[in-house]
Amino acid sequence: MRAWVQDVYGSAEVMRLAEVPDPVPGAGEVLVRVAAVSVNAADWHLMRGEPRVARLDRTTFGRRAPKQPIRGRDVAGTVLAVGPDVQDWQVGDEVLGEHEGTMAELVAVPATCLARRPTGVGVVEAAALPLAATTAATCLDAGRVGEGTRLLVIGASGGVGTYAVQLAVARGAEVTGVCSTRNLDLVTSLGASAVLDHTRGEVERSSATYDVVLDLVGNRPLRVLRRLVARRGRLVLAGGGNPGEGGYLGPIGLFARGALLGRLMGVRVSVPVAKPDAARLTELVGMVERGGLRPVVERVYPFEEGGAALRHLEVDRARGKVVVAGSAQSE
Ligand SMILES: NC(=O)c1ccc[n+]([C@@H]2O[C@H](COP(=O)([O-])OP(=O)(O)OC[C@H]3O[C@@H](n4cnc5c(N)ncnc54)[C@H](OP(=O)(O)O)[C@@H]3O)[C@@H](O)[C@H]2O)c1
């Protein structure tokens, strides 16, 4: 099969389309023919080996490149074969899910990481969902966001942020989004009742406070974030920083300071880590089917331009999600 692989750490130029052996589904795994993949910040973190401190995790990071050379984590596609001990899936089922190495024509995925794709949800929308929407929901849970919560979402125009705004509004929260000038209308259209333009310093200048501040960027000092949180409020730190910024530690220093100093500062700090969750994904794709959640897909690249999709995310900054779907040859 063909797959987008890397041999060394670096920016999107290190990615190349290569012939690699077809995966064979092991026990508990399902072989999926990939129809669409969305790219995530997780892909450039792995591709660039950033933050550098993450490379100490030798289960994921090798000396010169990630242990899994194929990028991509989100997938929508069709079940082509099932491995031993798989009961819930059959050949021909339409699925979506989250697993490493999806920027390929085929991928073997643990059966427990997959959800059924309803007929009313297309492959592009489905591929845009798993990691970003699951992260958004996990972060809102960490902040106990519900009816009436005054929530600030920093990074509201990105893959996770566009879901976080919509899911919070659906929970009855009053949402303020932070984004750049070009994305103000987008974030308002998702249901935010106010927007702050970070390119004009509106976050730093703001005197408003919020019950929950969800930071999906990770490049602001703790004292700036602290000032935005109301008394007895919550600070949810989930931003991984921007490519090439943040030095050796990236946002890890912020997470550590937040965890240590939060209590002293009178703020409840959490640093959630989202995991693949098929039950949650089933709920989220159901919301999309019923029209209660809209994947914002900025752009769809053909499979042969997968490297350009990663470059767009890394360099240009996506609005919502970027998807790789289908083959240029079949168009
Ligand atoms: N903890 C977890 O489990 C988990 C899971 C997934 C992702 N993440 C992290 O969540 C973050 C968001 O992921 P994503 O996929 O949504 O990334 P993304 O699609 O690349 O979005 C990045 C966002 O950052 C915003 N941004 C960039 N610089 C900014 C600044 N100086 N001030 C305010 N906003 C700024 C961009 O807005 P504009 O373009 O409008 O400026 C955009 O909305 C990443 O850092 C990722 O590492 C964490």
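Domain bounds here come from an automatic or database domain assignment.

**Figure 1. Two domains make up the domain assignment of this protein.** What you see is a predicted model, where local features need pLDDT of at least 70, side-chain atom pairs count only at pLDDT 80 or more, and totals for chains, interfaces and linings use all residues. Residues are numbered from 1 along each chain as its sequence is written. Look for domain 1 (2-129 + 295-330) and domain 2 (132-270). Their C-alpha centres lie 27 Å apart.

**Figure 2. Here domain 1 meets domain 2.** Each domain gives 16 residues to the contact; two residues are in contact if their C-beta atoms, placed from the backbone, lie within 7 Å. On the side of domain 1 that touches domain 2, the largest share, four residues, comes from α1. Helices (H or I, at least four residues) and strands (E, at least two) are DSSP runs, numbered from the N terminus. That side of domain 1 holds seven nonpolar, three polar and six charged residues. Ala, Val, Leu, Ile, Met, Phe, Trp, Tyr, Cys and Pro count as nonpolar, Asp, Glu, Lys and Arg as charged, and the others, Gly among them, as polar.

**Figure 3. A shell of 32 residues surrounds the ligand.** A residue belongs here if its C-beta atom, placed from the backbone, lies within 6 Å of the ligand. The closest are G158, G159, V160, S180 and G240. At least two shell residues come from each of α1 (41-48), α3 (130-142), α4 (159-170) and β9 (174-179). Of the shell residues, 16 are nonpolar, 15 polar and one charged. Both domain 1 and domain 2 supply at least three residues each.

**Figure 4. A170 lies in helix α4.** A170 is partly exposed, because 13 other C-beta atoms lie within 10 Å (buried means 20 or more, exposed 12 or fewer, and partly exposed in between, with C-beta atoms placed from the backbone).
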